[in-house]
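Here are some exercises to work through with the model open beside you. Try each task before reading its solution.

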Amino acid sequence: MQVYADNAATTRLRPAALDTYIKTAREFYGNPSSLHEVGQAAKEVLEDCRARIARALGATNADRIIFTSGGSEADNQAIFSAARAGARKGKRKIISTAIEHHAVLHPLERLREEGFEVVLLPVGENGIVSVKDLERELSDEVCLVSVMLANNEIGTLQPVKEISALCKAHKIPVHTDAVQAVGHMPVNATELGVDYLALSAHKFGGPRGCGALFVKAGAPVFPLIEGGAQERNKRAGTENLPAIAAMTTALEEALSMLPQTAQKVSALRDKLIAGLRKIPHGILNCDDKLRLPGNVGFGF
Ligand SMILES: *Cc1c(COP(=O)(O)O)cnc(C)c1O
């Protein structure tokens, strides 16, 4: 029997998501930008998915959901948007952490080359960033704080809600890469208080090459891809409707089973941790409770 234990890299497509993909590709073949009936039927599916993704994230009607090609694009768009808006006001400092995904670290590296000051905070031995350390770096120069909700390797959860509250007091926008968290633990963008939140379909049983960026009402957002007027001018290109619909099905299914799945998976996680700890020199990386239900990070 094969055991697949690399779900942080990608997950198997949920059968219900595959069904939705096929049905949408077959029946809603129109271009949502076309004004005729076939196009408008596709447009209706697109907007229905947007409303459902928004609801799943606890977004308000004024917030935006922008469909993207995945988590990387959503992270890039959030970071470059906040940086561009910041630069216009002469603010050129960004605070993030050393444990971010490359989809965050590499755009930050690019901005550093362009003259931004980028501070990457270390995490403690528990794999969690210190809010105190972060607070020390805040100033009028800061145009963005970017801290992931859950780490993709060590699985630790970061205090994003606390960080958002702190940044709100200083009027600093906050981005969170929630790619590992969405579909695996409750994620409410409004409760978190973030301005930008990135998610990716293939990390919760949706298809690869599809994701979304939540943008809080009023937060600046610029397109990475210029062209047509799709996504209200914020992301050009004909929408990948079958993937968007499949992502929506996958997220709703994941969330409908979340309490049971999280309980079952974290019990298995704890059992695996207990077993691995019996191996001489086995060390669990980081905090054993503030971590994703399905993540075990061990060193030997
Ligand atoms: C997978 C992942 C991404 C990238 O998402 P893609 O959809 O593969 O582009 C970004 N951040 C984290 C934390 C991830 O795990």
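**Exercise 1. Find which residues of α9 are buried, and what covers them.**

Solution. Start with the list: the buried residues of α9 (241–256) are L241, P242, A243, I244, A245, A246, M247, T248, T249, A250, L251 and A254. Here buried means under 20% relative accessible area, exposed means over 50%, and partly exposed lies in between, with a 1.4 Å probe and protein chains only. Helices (H or I, at least four residues) and strands (E, at least two) are DSSP runs numbered from the N terminus.

Next, weigh the list against the helix: twelve of the 16 residues of α9 are buried, so α9 is largely enclosed by the rest of the structure. Then look at the cover, which includes α1, α2, β1 (64–68), β6 (196–200), β7 (211–215) and α10 (258–276).

A word on the source: this is a predicted model, in which local features need pLDDT of at least 70 and side-chain atom pairs count only at pLDDT 80 or more, while totals for chains, interfaces and linings use all residues. Residues are numbered from 1 along each chain as its sequence is written, and side-chain values use heavy atoms, with hydrogens and water left out.

**Exercise 2. Compare the end-to-end reach of α9, α2 and α3 with the expected span.**

Solution. The expected span is 1.5 Å times one less than the number of residues. Take α9: its 16 residues reach 23 Å from first C-alpha to last, close to the expected 22 Å. For α2 (37–56), 20 residues reach 29 Å, close to the expected 28 Å. For α3 (71–88), the 18 residues should span 26 Å, and the end C-alpha atoms are 26 Å apart, which agrees.

Now add the surroundings. In α3, 13 of the 18 residues are buried, leaving the helix mostly covered. The buried residues of α2 include G39, R50 and A54, and the buried set packs against α1, β1, α8 (230–233) and α9.

**Exercise 3. Work out how α2 is placed against α9.**

Solution. First the geometry: the two helices pack at about 30 degrees, with their axes 10 Å apart. Axes are lines fitted to C-alpha atoms, for helices over the stretch in contact, and angles run from 0 to 180 degrees between N-to-C directions. The pair α2 and α9 is therefore roughly parallel; angles under 35 degrees get that name, those over 145 count as roughly antiparallel, 65 to 115 as roughly perpendicular and the rest as oblique.

Second, the handedness: α2 passes α9 in a left-handed crossing. A crossing is left-handed if the near helix is turned anticlockwise from the far one by less than a right angle, and right-handed if clockwise.

Third, the residues: A42, V45, L46, C49, R52, I53 and A56 of α2 meet L241, I244, A245, M247, T248, L251, E252 and L255 of α9. They divide into twelve nonpolar, one polar and two charged. Contact means heavy atoms within 4.5 Å. Ala, Val, Leu, Ile, Met, Phe, Trp, Tyr, Cys and Pro count as nonpolar, Asp, Glu, Lys and Arg as charged, and the others, Gly among them, as polar.

**Exercise 4. Do the same for α9 with α1 and with α10.**

Solution. Begin with α1 (15–27). It packs with α9 at about 150 degrees, the axes 8 Å apart, and that makes α1 roughly antiparallel to α9. The crossing of α1 and α9 is right-handed. On the α1 side, A16, A17, T20, Y21, T24 and A25 meet residues of α9 including P242, A246 and E253. This contact has ten nonpolar, three polar and one charged residue.

Turn to α10. The axes of α9 and α10 come within 5 Å and cross at roughly 70 degrees, and the two helices are therefore roughly perpendicular. A254, L255 and S256 in α9 meet L258, P259 and Q260 in α10. By class, that gives four nonpolar, two polar and no charged residues.

**Exercise 5. Which residues of α8 have a positive phi although they are not glycines?**

Solution. One is E231, with phi of about 55 degrees; another is N233, at about 70 degrees. E231 lies in α8, as does N233. E231 counts as buried at 7% relative accessibility, whereas N233 is exposed at 51%.
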